Amino acid sequence: MGSLFFFLHGWGFILQGIAIVHFIRRRPDTYWIFVILFLGWIGAVVYIVAEVIPDAGLLRGSFQAFPRRRRIHELERAILDNPSAGNYEELGLLYLDDGDFARARGCYDRSISQRTDSVDPFYRRGVAEVELGDFAAAVPDLERAVSSDPNYDFLRAAGLLAHAYAQTGQSEKADALFQEATKTSTSSETYYNYALFLHAQGRRDEARQWAQKILDKRPSMPAYQRRRERGWFRKAYALLARSRL
């Protein structure tokens, strides 16, 4: 019995450690930390079953990074012989997915220098520019996408353009476009950027309302989607806290 106790006791610390590290990284509901700490290894097992194992589904994106990067290397070599607009557009999209926004922007620069008959390269370059914080450059690219189709990329283009307007001091345009986009869009990204804009304008009650709209979606979301939206939930909570100061 003594050896069994020490076996379980040792593994209990390991399981609690795994659970605590996951909790810190993923930030699920706060009550889980009490389950982990006060119920010991049993609480850790419950947490791992309820939160860690379902999160494993999100790891598929990590595994997809390997074939994506292999394709990136293939295109980087292919472009040396065939620097076509199509190759640069595909490579730019892969860089976007990989989070390499500077290289994505460079690819779209090269693609657009060859042809301007497609809106998508301008839009994708605008996305990269927003991610890089170059909002002044993003405005004309995103305007081109929105003018061609106000619902471009399920209204993400409009939401990002409104955000770019806000970041370049074009408050009236930003407000009007945010209002238009949020009539239909339920994107947490757009809601958060609108709340951020309202907070910066001193309209804190409205900012809280839009931040709360992000959190109000949570109960009706399937579990996998709640996991994907955790970053926006954390940002919404933080903005709510700031807007009450």
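1. Helices here are DSSP runs of H or I with at least four residues, numbered from the N terminus. Helix α2, residues 31-38, is one such run, and tyrosine 31 is placed in it. The model is a predicted one.

2. Overall make-up. The protein has 14 helices and zero strands. Read along the sequence, the pattern is therefore α repeated from start to end, as α-α-α-α-α-α-α-α-α-α-α-α-α-α. Of the 245 residues in the protein, 40% are buried.

3. The surface at α2. A nonpolar patch on the surface is formed by Tyr31, Phe34, Leu37 and Phe38. Together these residues have about 480 Å² of accessible area. Tyrosine 31 has a relative accessible area of 46%, so this residue counts as partly exposed; the partly exposed class runs between 20% and 50%.

4. The loop between α5 and α6. Aspartate 100 sits in the loop that joins α5 (85-98) to α6 (101-114). Its relative accessibility is 24%, which means that aspartate 100 is partly exposed. In sequence, aspartate 100 and leucine 132 are 32 residues apart. In space, their C-alpha atoms are 9.7 Å apart.

5. Packing of α7 and α9. Helix α7 covers residues 120-132 and helix α9 covers residues 156-167. The two pack with their axes 11 Å apart and at an angle of about 40°. How are α7 and α9 oriented to each other? They are oblique, because an angle of about 40° is not under 35 degrees, the cut-off for roughly parallel, and does not fall in the 65 to 115 range for roughly perpendicular. The crossing of these two helices is left-handed.

6. The loop between α8 and α9. Aspartate 153 lies in this loop, after α8 (135-148), and leucine 155 is found in the loop between α8 and α9 too. Phi of aspartate 153 is near 55°, a positive value in a residue other than glycine. Leucine 155 also has a positive phi, near 75°, and is likewise a residue other than glycine.

7. Cover of these two loop residues. Is leucine 155 buried or exposed? Leucine 155 is buried, because its relative accessibility is 10% and the cut-off for buried is under 20%. Aspartate 153 has a relative accessible area of 27%, so aspartate 153 is partly exposed.

Terms used:
Residues numbered from 1 in each chain as written. Predicted model: local features only at pLDDT ≥ 70, side-chain atom pairs only at ≥ 80, totals over all residues. Heavy atoms only, no water. Patch = residues over 30% accessible without salt bridge, like charges linked within 9 Å, V, L, I, M, F, W, Y side chains within 5 Å. Areas by Shrake-Rupley, 256 points an atom, 1.4 Å probe, with all protein chains shown as cover. Salt bridge = Lys/Arg side-chain N within 4 Å of Asp/Glu carboxyl O. Buried < 20%, exposed > 50% of the residue type's maximum accessible area, 1.4 Å probe, protein only. Axes fitted to C-alpha atoms, helices over the stretch in contact; angles between N-to-C directions. Parallel < 35°, antiparallel > 145°, perpendicular 65-115°, else oblique. Left-handed = near helix turned anticlockwise from the far one by under 90°.
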